[in-house]
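Please walk me through this structure in the viewer, one selection at a time. For each stop, say what to select and what is found there.

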Amino acid sequence: DDSELAGIENFIRANDTGVNAELHGKYKGKNVVVISLESLQDFVIGREINGQEITPFLNDFIKESYYFDNFYHQTGQGKTSDAEFLIDNSLYPLDRGAVYFTNGGNTFTATPAILKKEQNYYTSVMHSNNKSFWNRDMMYPSLGYDRYYNENDYKVTEDTSIGWGLKDQYFFEQSVEKMKEMPKPFYTRMLSLTNHYPFELGEKDLMIEKLKTGDQTVDNYVTTVRYLDESIKHFVEEMKASGLYDNTILVMYGDHYGISENHNRAMSEVLGKEITPVEHVKLQQVPFFIHLPGQTKGETIHKVAGQIDVKPTILNLLGVNANKTSINFGNDILSPKHKDFVVFRDGTIVTDKYIYKNEKMYDANTGEELEGQKPPKEDLAKAKKSLEYSNSIIYKDLLRFFEVKYERAKTKFE
Ligand code: GP9
Ligand code: MN
């Protein structure tokens, strides 16, 4: 009932680390583009193989953006859709199953609904797969989206597609054309697709040699990552050419890992070190970028953070008070008081000092096991409560009781 939600709101207030006051509302009225970088892990950033960069564009983009190099995915079985859920709601995905499937009809207090109500934004998702994949056609009305551009909105031919949809290059190209026509300001999320298992690519799209570990998944991975990187480069060029770039906050995040622990042997060859439990946790880092309109100077930020923090960060830039308009388990990453703390969906805790996984403590810097040690009590409680409260909200549909009401959107799609 609503007293349970009040308890959760107290917990959130107690863990509120504030916002970056200087940036509060500084980009009010700007468009927001949030790109899901399919299966992109952070280990490829800045890495070279045989003298060739895997992500040359992103490596350069770091020089003119905020780039977070200790940023973690927090997804569970819902993969891409869990990441979407985290980004829009600042709630955790479920411990099992995909919330997009199990609770798509719930009441939410998501970014698109807030931006529409508070600032009259036009909100959409762009993805060239079948509209019902991950139950998106059911979920998006609950999140407040005006429009879902899906497979039916794109020109898809045999030559321009692979796997589940358009190759990223064509997807981004056609998407910019749609953005030009969108009502402004807009909030749009884009879901890239080509860098998806099994990481297949036609011969003519290969821009970097495959690896030679003998593990096909790992060997192919770098080629589709390289392709994704090139696609984003063209996207940014097209955004610039269309005049949209200077009026847009561009946010990009890796949705989840691409290489599972079944590939540790090949990965240890790539990284040149053993994949210990700590290394495995660190492999859950995904790239996170924020490029602000007009930003020319980059900054690499080492704070430990996660996908849960994206929504409050975006809302602050637009001048919206996140916790007055919604329930959020994350905090503005750009706040000077942001805490180096992230909890994975499986309960793993990562801070700047330690990593806690399967009841074992490790030094976050040396990787050494800290035998007999446990995280501080308040950290353990915070991790446990965050996951439990978030689950309760979803399982009991508690956002029905939130003081601000958002209408279910009549999402349009072809
Ligand atoms: C499918 C795409 C990939 O539409 O989002 O989904 P994933 O398998 O990564 O969850
Ligand atoms: Mn995915």
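The tour below goes through a predicted model, beginning at a metal site and moving on to two sheets and two single residues.

**Stop 1: the manganese ion**

Select the manganese ion (ligand 2) and show its coordinating side chains. The ion is coordinated by E38 through two OE contacts, by T80 (OG1), by D255 (OD) and by H256 (NE2), at 2.1 to 2.4 Å. Along the chain, these donors follow the spacing E-x41-T-x174-D-H. E38 sits in the loop between β1 (31-37) and β2 (48-49), and D255 in the loop between β11 (248-254) and α9 (264-271), so the pair ties together parts that are 217 residues apart in sequence.

What is the geometry of the site of the manganese ion (ligand 2)? The angles among the six donor atoms run from 56 to 166°, and the site is irregular. As a reference, ideal angles for six octahedral donors are 90 or 180 degrees.

Now colour by accessibility. Are E38 and D255 buried or exposed? E38 is buried, at a relative accessible area of 2%. D255 is buried as well, with 0% relative accessibility.

**Stop 2: H196**

Select H196, where UniProt, in an unreviewed entry, places the feature "binding site". H196 belongs to the loop between β10 and α8 (216-241). With a relative accessible area of 22%, H196 is partly exposed. Show its surroundings next: neighbours within four places in sequence aside, H196 is in contact with E38, S39 and W164. E38 is the residue already seen coordinating the manganese ion (ligand 2).

**Stop 3: the eight-stranded sheet**

Switch to a cartoon view and select the strands in the order β7-β6-β10-β1-β11-β12-β4-β13. These eight strands form an open sheet with mixed pairing. Its edge strands, each paired on one side only, are β7 (147-149) and β13 (299-301). On average, neighbouring strands of this sheet are turned by 15° against each other, direction ignored.

At the β7 edge, pick out β6 (residues 122-126): three bridges join β6 to β7, and the two run parallel. One residue pair to label is V125 with its bridge partner in β7, Y148.

Then add helix α3 (residues 79-89), which packs on the sheet and touches β1, β10 (186-191) and β11. The direction of α3 makes about 160° with that of β10.

**Stop 4: the four-stranded sheet**

Select β15, β16, β17 and β18. They form an open sheet in the order β15-β16-β17-β18, with antiparallel pairing. The edges are β15 (341-343) and β18 (360-363), each pairing on one side only. Neighbouring strands here are turned by 15° on average, direction ignored.

β15 is joined by three bridges to β16 (residues 349-351), and the two run antiparallel. Label F341 and its bridge partner in β16, T351.

Which helix packs on this sheet? Helix α13 (residues 377-395) does, touching β15, β16 and β17 (354-357), and its direction makes about 45° with that of β15.

**Stop 5: E279**

Finish at E279, in helix α10 (residues 277-282). At 17% relative accessibility, E279 counts as buried, because the limit is under 20%. Apart from neighbours within four places in sequence, E279 is in contact with K273 and E274. To end, draw a distance between the C-alpha atoms of E279 and R408: they are 129 residues apart along the chain and separated by 42 Å.

Note on methods
Residues are numbered from 1 along each chain as its sequence is written. Chains are lettered from A and ligands numbered from 1 in the order in which they are written. This is a predicted model: local features need pLDDT of at least 70, side-chain atom pairs count only at pLDDT 80 or more; totals for chains, interfaces and linings use all residues. Side-chain values use heavy atoms; hydrogens and water are left out. Donors are N, O and S atoms within 2.8 Å of the metal (3.2 Å for Na, K and Ca); water is not among the atoms, so sites may look incomplete. Four donors count as tetrahedral if all angles lie between 85 and 135 degrees; four count as square planar and six as octahedral if opposite donors are over 155 degrees apart and all others between 65 and 115; anything else is irregular. Buried means under 20% relative accessible area, exposed over 50%, partly exposed in between (1.4 Å probe, protein chains only). Two strands pair if DSSP finds at least two bridges between them. Axes are lines fitted to C-alpha atoms, for helices over the stretch in contact, and angles run from 0 to 180 degrees between N-to-C directions. Contact means heavy atoms within 4.5 Å. UniProt positions are given in the numbering used here, feature names are shortened, and annotations may be inferred rather than shown by experiment.
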